[in-house]
Amino acid sequence: METRILSPREDYLADFVNVIAFEGSCDLEKLKADAAALTDEEVEKILHPEAGEDALPSERLRKSVPWGTFDGDRIISAMYVMPYTVRFAGEQVLMGGIGGVASLPDSRRGGGVRALMKGAFREMYDQGFLLSELYPFSTEYYKQYGFEKGMKVNTWTLPLERIRPTETGGRVRQLLPGDDLSPLTEIYNQFYADWNLSTVRRQYDPKMDLQKMMNEQRYVFVWEDDLGTPKAFMITKKVMVEGQPVMDCTHSFRLRNGMLFLSGQGFRALLTFVKKVFSADYRAIRFSTPDCLFMDALVGEGTGCRREGSWNGMVRLVNVEKALTLCRCRGEGSLVLNVTDPMLRENEGGWRITYAPGQPNRVERTTDAPDLTLTIGDLSALLCGIRSGEELPWMPGVQIHDPSAPYEQIFYPQKCFTTDLF
C-alpha cells in the first residue's frame, strides 16, 4: 500500500471514494475531465494560495488537502485535511480538521484509514500544526487514532408559551439582502476570544448570502443594546418536529444556523422578541450552547424546556512538546508525564514540564520516573480543558503514579468549543 497527498489533478479520486462509500452519485468522467483541464497556474494557486502579510497561518496553506491510500494504482481509502487557525491557551495555532474519511467497501478494515491518519499526522507535525479534530461516526472507532471526545454541546427546545418576556432595552433588527454582516463576526470573535479550539474568523461565514438564505426561508436577527452596539444574534429556519413548527437556531451539518449572545441580557432580548413576534407561528425555539456555558438560570425552571446533549467532535494533539510549552499553568511546580502515542513517535515517552508565574513553561525530554502515564487522547482532553485533574482517577487510560503531584495546576476546566464544521 502507498499513502500520499493527492495532487489537484487527482482531487476527484477522494470525491469518488466518498461517493461510493456513502452511496452517493457522481459523473466520474466529468470529474476527471475537470481535473485534467486545470492549468499549471491554477494548480500552483491551489497549492500555494496568495496571502498578505497579515494572513492567518491557515490562509497560507492549501485550503483542503486530499489524501489517498492506494493498492497498486487503485485508490482504496481517502480523506481530507482542512487547515484552520484556532485558539489555544491565548495563542493562534494551526489545527487540521479531518473530514470525508472513507474506504471502498471491499477494502474496509484493511489498514487504509490507519495509513491515512498516520501520514496526515506526520505531515501536520512537520508543518507546525498543534492539533487535529474531526466529527466521528463513532467515538470509540477514532480513539484508536488518538482522538478524544470534545466538549459536550447542549441543544435546548423551549416552548414559546413558557417564555417570560423581560424588558431588556435595545432593539432587534432583521438583516436583509444588502445589509452589513460584520455584526455577526464582531459578536462571534468577542464571544470566543478566549475559548480553546474556536476558529479565528475574518467573516462569520464567507458563504453567507442573505438573498440565498431568504430564498431558503432562513432569517438573521441581531439585537443591539441601547447604544446601538450589536450584542446577540440568531439565524433561524422553521422546521417541523413531531408535527409542530419549531424555530431552529442550531448549527449542524444538516442546518447551519446559530444563536450567540454576549450576556444573559442579549439572550433574554432574543427570547422576548421571539415570544412577542412569533408566538402565532411557532410552538418552540431550538438552540445549542457549549456545556461549559451555564444556562440553567437563564432558561429557568418550570418552562417545559428539553435539553439534549451530544459531543462537540473529537480532538487530539499533534505536537505534545508545543502544547505543553503553550499551556497556561497555575502556580509554580513541575510534573513528569509519560505519554503513549503509537501514531506519532515524537510524542511518545517522558516529558517534564516546569512552570512558574510570569515565566514561559520549560519542557524537556526525561527518563525520570513519571508522575502520570496517559494516552495522547487523554492528554489532549486535559490540556484543552475538556477534562480536569479531579477526573484523573476515573479516566481508564490513565495511571497515577504520584497521587500528590500538582495535576490541577496544569489540568483544569477551561472554556473550549469547536466552532467550525468540516
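**Loops, helices and cores in one chain**

Trainee: Is E242 buried or exposed?
Mentor: This model is predicted. In it, E242 has a relative accessible area of 77%. A residue counts as exposed over 50%. Therefore E242 is exposed.

Trainee: Where does E242 lie?
Mentor: E242 has a positive phi of about 55 degrees, although it is not a glycine. Most residues other than glycine have a negative phi. As for its place, E242 lies in the loop between β10 (230-241) and β11 (244-248).

Trainee: Which residue takes a positive phi just after α1?
Mentor: Look at the loop between α1 and α2. A residue there is not a glycine, yet has a positive phi of about 55 degrees. Just after α1, that residue is E23.

Trainee: Is E23 buried or exposed?
Mentor: The relative accessibility of E23 is 75%. The cut-off for exposed is over 50%. So E23 counts as exposed.

Trainee: What do the buried residues of α1 pack against?
Mentor: Start with the helix itself, residues 11-21. Its buried residues are Y12, L13, A14, V17, N18 and A21. They pack against α2 (28-36), β2 (65-71), β3 (74-88) and β4 (91-103).

Trainee: How many helices and strands does the chain have?
Mentor: We have met some of them already. Counting along the chain gives eleven helices and 20 strands.

Trainee: What is the radius of gyration of the chain, and what would a compact globule have?
Mentor: The C-alpha trace spans about 65 × 65 × 45 Å along its principal axes. With 422 residues, a compact globule would have a radius of gyration near 22 Å. The chain agrees with that, at 23 Å.

Trainee: What share of contacts joins residues at least 24 apart?
Mentor: Buried residues make up 50% of the 422 residues. For the share, take contacts between residues at least 6 apart in sequence. Of these, the part joining residues at least 24 apart is 72%.

Trainee: Which element gives the largest share of the largest nonpolar core?
Mentor: This core has 55 residues. L131, L337, L379, L383 and F411 touch the most other members. The largest share of the core is seven residues, and they come from β3.

Trainee: How many residues are in the other core?
Mentor: It lies apart from the largest one. Its members include F261, F267, F273 and Y282. Its size is 24 residues.

Trainee: Which residues does S380 contact, leaving aside neighbours within four places in sequence?
Mentor: S380 is found in helix α11, residues 376-384. S380 counts as buried because its relative accessibility is 0%. Its contacts are V315, R316 and L317.

Trainee: What separates the C-alpha atoms of D378 and G266?
Mentor: D378 is also found in α11. Its relative accessible area is 7%, so D378 is buried. Leaving aside neighbours within four places in sequence, D378 is in contact with E148, M395, G397 and V398. G266 is 112 residues apart from D378 along the chain, and their C-alpha atoms are separated by 36 Å.

Trainee: How far apart lie the centres of the positive and negative side chains?
Mentor: The chain exposes about 20300 Å², with 49% supplied by carbon and sulfur atoms. The charged sets hold 49 positive and 58 negative side chains. Their centres lie apart by 5 Å.

Note on methods: Residues are numbered from 1 along each chain as its sequence is written. This is a predicted model: local features need pLDDT of at least 70, side-chain atom pairs count only at pLDDT 80 or more; totals for chains, interfaces and linings use all residues. Side-chain values use heavy atoms; hydrogens and water are left out. Helices (H or I, at least four residues) and strands (E, at least two) are DSSP runs, numbered from the N terminus. The radius of gyration is taken over C-alpha atoms; the globule rule is 2.2 Å times the number of residues to the power 0.38. Buried means under 20% relative accessible area, exposed over 50%, partly exposed in between (1.4 Å probe, protein chains only). Contact means heavy atoms within 4.5 Å. Accessible areas come from the Shrake-Rupley method with a 1.4 Å probe; for residues, only the protein chains shown count as cover. Lys and Arg count as positive and Asp and Glu as negative; His and the chain ends are not counted. The place of a charge is taken as NZ of Lys, CZ of Arg, CG of Asp or CD of Glu. A nonpolar core is a set of buried Ala, Val, Leu, Ile, Met, Phe, Trp, Tyr and Cys residues joined through side-chain atoms within 4.5 Å.
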